[in-house]
Amino acid sequence: MKNIYIDDGSTGIKLAWKDGNGDVKTALTNNTFKKELSPPTGESQVYNYRCTGEDFSFSPMSTSIVMTNNVQWQYSAANAVAIQHALQQSGLEPQPIHALVTLPLSEFYDHNNQPNLVNIEKKKASVAQAVEVLGGKAFIIEKVSVSPESIPAAVAKVSELTDLDALLVVDLGGTTLDVSLIQGETASLVKVEGNASIGASAVTREVDQALRAVNGQSSWRIADAIVKNRHNNEFIAARLFKEEDLPTIREALDKSIVSLSNATTDFLTRFSGFTHVAVVGGGASLVADRVKESLKISDKRFFVSNDPQFDLVRGMLYISGE
Ligand SMILES: Nc1ncnc2c1ncn2[C@@H]1O[C@H](COP(=O)(O)OP(=O)(O)OP(=O)(O)O)[C@@H](O)[C@H]1O
Ligand SMILES: [Mg+2]
């Protein structure tokens with residue numbers, strides 16, 4: 001049975017697995033689903049799913065998306081469908097798999113920082129729900145394992161630290177900021193805190209609204225592409241009906257990045273006693289410079305990877321020793 005490592009975040013599903021040559025492969029799909037089936041158009045492929053009697057279709061251009069940014073989503077049919085869709089898009093043959101998934105820290109641990117077995121079992125049952133792929137063959141999830149978010153993302157760093165060091169892991173996802181303080185060497189958890197109202201999608205939302213104001217229309221997908229290509233004015237201008245609206249979009253970007261950075265650094269004042277800092281998650285590049293500056297951490301002790309959105313899922317695979 002193939003092991004597939006799955007970071008089922010609220011805005012996107014990140015997958016990692018090893019191919020036949022032992023090389024690590026990754027894939028990303030966005031959670032843009034409609035709660036209805038899409039008719040086949042003959043032009044582009046449609047992805048229709050059914051789970052526990054509910055219909056879903058993948059809808060990349062959709063403006064009305066199933067909201068995936070609340071905790072209940074972690075245990076929902078929509079989540080099982082999003083995972084199935086990511087598997088369908090991975091290029092792998094549908095087959096029985098062992099799904100290794102994550103839960104936000106606030107769900108994985110109870111108030112005494114012990115694993116919350118009720119939530120973990122609930123998550124296992126949710127991910128294992130059968131999903132029907134209309135007109136296709138489904139992956140069968142035969143086994144589910146659950147890890148806490150954020151910690152695996154930094155585990156490669158922790159192993160380089162001594163017991164006198166402590167690493168602050170700042171995971172800025174689409175909708176949640178999850179922060180954990182990890183003791184060096186043993187990788188034991190000292191403190192975790194999350195804030196479900198700080199997320200990188202705030203920037204996408206501002207750009208989406210600015211686009212709607214200047215173009216009269218927008219889509220989450222285009223707004224998201226602009227955020228990812230925010231240093232490329234030519235790319236942004238090509239998405240505008242009138243090029244002279246570029247400053248409006250730039251202002252939306254710059255302002256929302258500053259307020260996201262401020263919200264992040266404010267939240268981090270709750271933590272102390274760390275010697276090293278890692279910023280991970282899809283939003284890392286938006287706030288990393290401000291975080292480093294405000295925490296006064298030197299380059300040598302500050303980690304941001306080239307592809308921070310995949311740090312968690314790659315870390316899960318790394319820890320497994322597979
Ligand atoms: N290169 C990039 N530059 C800026 N933002 C990015 C980049 N890549 C991804 N993002 C943003 O990161 C967010 C997604 O990050 P990530 O996949 O870590 O979130 P998630 O795990 O789905 O969410 P959460 O952890 O909050 O449940 C989106 O808001 C996306 O716009
Ligand atoms: Mg995440």
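This dialogue discusses the two domains and the ligand of a predicted model.

Visitor: What kind of model is this, and how are its residues and chains labelled?

Guide: In this predicted model, local features need pLDDT of at least 70 and side-chain atom pairs count only at pLDDT 80 or more, while totals for chains, interfaces and linings use all residues. Residues are numbered from 1 along each chain as its sequence is written, chains are lettered from A and ligands numbered from 1 in the order in which they are written, and side-chain values use heavy atoms, with hydrogens and water left out.

Visitor: Into which domains is the chain divided?

Guide: Domain bounds come from an automatic or database domain assignment. Here they give domain 1 (2-149) and domain 2 (156-305), with 24 Å between their centres, taken over C-alpha atoms. Eleven residues from domain 1 and 13 residues from domain 2 take part in the contact, meaning heavy atoms within 4.5 Å.

Visitor: How many salt bridges does the rule find across the interface of domain 1 and domain 2?

Guide: A salt bridge is a side-chain nitrogen of Lys or Arg within 4 Å of a carboxyl oxygen of Asp or Glu. Across this interface the rule finds zero salt bridges.

Visitor: Which residues are the closest to ligand 1?

Guide: A residue is near a molecule if one of its heavy atoms lies within 4 Å of it. Of the 22 residues that surround ligand 1, the closest are Thr-11, Lys-14, Asp-224, Gly-282 and Gln-309. A polar side-chain atom of Thr-11 lies 2.7 Å from an oxygen atom of the ligand, and a side-chain N or O atom of Gln-309 is 2.8 Å from a ligand oxygen atom.

Methods: Polar contact = N/O pair within 3.5 Å; in protein donor to acceptor, adjacent residues only side chain to side chain.
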